[in-house]
Amino acid sequence: MPTNERQLRFLAKAELEPAVQADVLQQAVEQAGNKIPSGRIVKDVVDRIRERTKVPNPHHVGEICILLPKDNPDLRGKAGYWGVVSHVGEYSCTLQTWDGDYTVKIEHLKSLELLDEDCRFMQQLCIRLRQLNQLASRDSSVDWLLQGLGQQAKPYLSSLHAKLLAAVEREYNLVWKQQK
């Protein structure tokens, strides 16, 4: 039997049937030489089984999701970042955020399940924030605004946020025309 949470973490995230979970643990124990398997061994067995079972990717291009860093060191400091799904693979997606693109496994994404109109608003907001982020000589207060709006996973801006964003765009001569 597993002795710590780390050994079961990948198994729990995989959302496999109970019989398949038991099979994963059995294979992991065998792979560990009939000893207690490490979290890495369990993860490898889960990945192999997922490849065989072909769990469909639930996400779609244009969807708004939040990054869930969990055990991914590449996502440290990105907890709560929202973005737009720009590519969907079998087991991963690419998410465009205000500060870059991240290709992550599906368990590192949580859909906001927004209406199409709200998705369009968030897509346009992401474009605006990315334009500001690309400015090489921006004031550090712009970074503060980008960070805040990049973690505010809501399909609207408060009146003050909208005014601040518009003022910063004017300051840097960025013209934004809302797309329909």
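**Note on the predicted model**

1. The place of Asn34 is in the loop that lies between helix H2 (18-31) and helix H3 (39-53), and the structure discussed here is a predicted model. Phi of Asn34 is near 60°, a positive value in a residue other than glycine. Most residues other than glycine have a negative phi. With a relative accessible area of 63%, Asn34 is exposed, because the cut-off for that word is over 50%.

2. Two further positive phi values deserve a reader's attention when the backbone is inspected. Glu15, which comes just after helix H1, takes a positive phi of about 55°. Glu113, which is not a glycine either, has a positive phi of about 50°; the place of Glu113 is in the loop between E5 and H4, and with a relative accessible area of 70% this residue is exposed.

3. Helix H1 covers residues 5-14, and its buried residues are Gln7, Phe10, Leu11, Lys13 and Ala14. A reader following the chain onward from this helix arrives at Glu15, already mentioned for its positive phi just after H1.

4. In what order do the five strands of the open sheet stand? The order is E4-E3-E2-E1-E5, and the pairing is antiparallel. The edges are formed by strand E4 (100-105) and strand E5 (109-111), each of which pairs on one side only. On average, and with direction ignored, neighbouring strands of this sheet are turned by 45° against each other.

5. The individual pairings can be followed strand by strand, beginning with strand E1. Strand E1 (residues 64-67) is joined to E5 by three bridges, and the two run antiparallel; Leu67 has Leu109, in E5, as its bridge partner. Three bridges also join E1 to E2, again in an antiparallel arrangement, and here Ile64 stands opposite Val84 in E2.

6. E2 and E3, which run antiparallel, are joined by four bridges, and the connection from E2 to E3 is a hairpin through three residues. Within this pair of strands, the bridge partner of Val88 is Cys93, which belongs to E3.

7. Which strands does helix H4 lie across? Helix H4 (residues 116-133) lies across E1, strand E2 (82-88), strand E3 (92-97) and E4, and it runs at about 100° to E2. The loop between E5 and H4, which holds the exposed Glu113, comes before this helix in the chain.

8. Is Val168, in helix H6 (residues 159-171), buried or exposed? Val168 counts as buried because its relative accessibility is 16%, and the limit for buried is under 20%. If its neighbours within four places in sequence are left aside, Val168 is in contact with Leu132, Val142 and Leu145. One of these, Val142, is 26 residues apart from Val168 in sequence, while the two are 7.4 Å apart in space, C-alpha to C-alpha.

9. A last point concerns the surface, where Trp144, Leu160 and Leu164 make a nonpolar patch of about 350 Å². Trp144 is found in helix H5 (residues 140-150), and this residue counts as exposed because its relative accessibility is 62%, the cut-off being over 50%.

Note on methods: Residues are numbered from 1 along each chain as its sequence is written. This is a predicted model: local features need pLDDT of at least 70, side-chain atom pairs count only at pLDDT 80 or more; totals for chains, interfaces and linings use all residues. Side-chain values use heavy atoms; hydrogens and water are left out. Patches are made of residues with over 30% relative accessible area and no salt bridge: like charges are joined within 9 Å, nonpolar side chains (Val, Leu, Ile, Met, Phe, Trp, Tyr) within 5 Å. Accessible areas come from the Shrake-Rupley method with a 1.4 Å probe; for residues, only the protein chains shown count as cover. A salt bridge is a side-chain nitrogen of Lys or Arg within 4 Å of a carboxyl oxygen of Asp or Glu. Buried means under 20% relative accessible area, exposed over 50%, partly exposed in between (1.4 Å probe, protein chains only). Two strands pair if DSSP finds at least two bridges between them. Axes are lines fitted to C-alpha atoms, for helices over the stretch in contact, and angles run from 0 to 180 degrees between N-to-C directions. Contact means heavy atoms within 4.5 Å.
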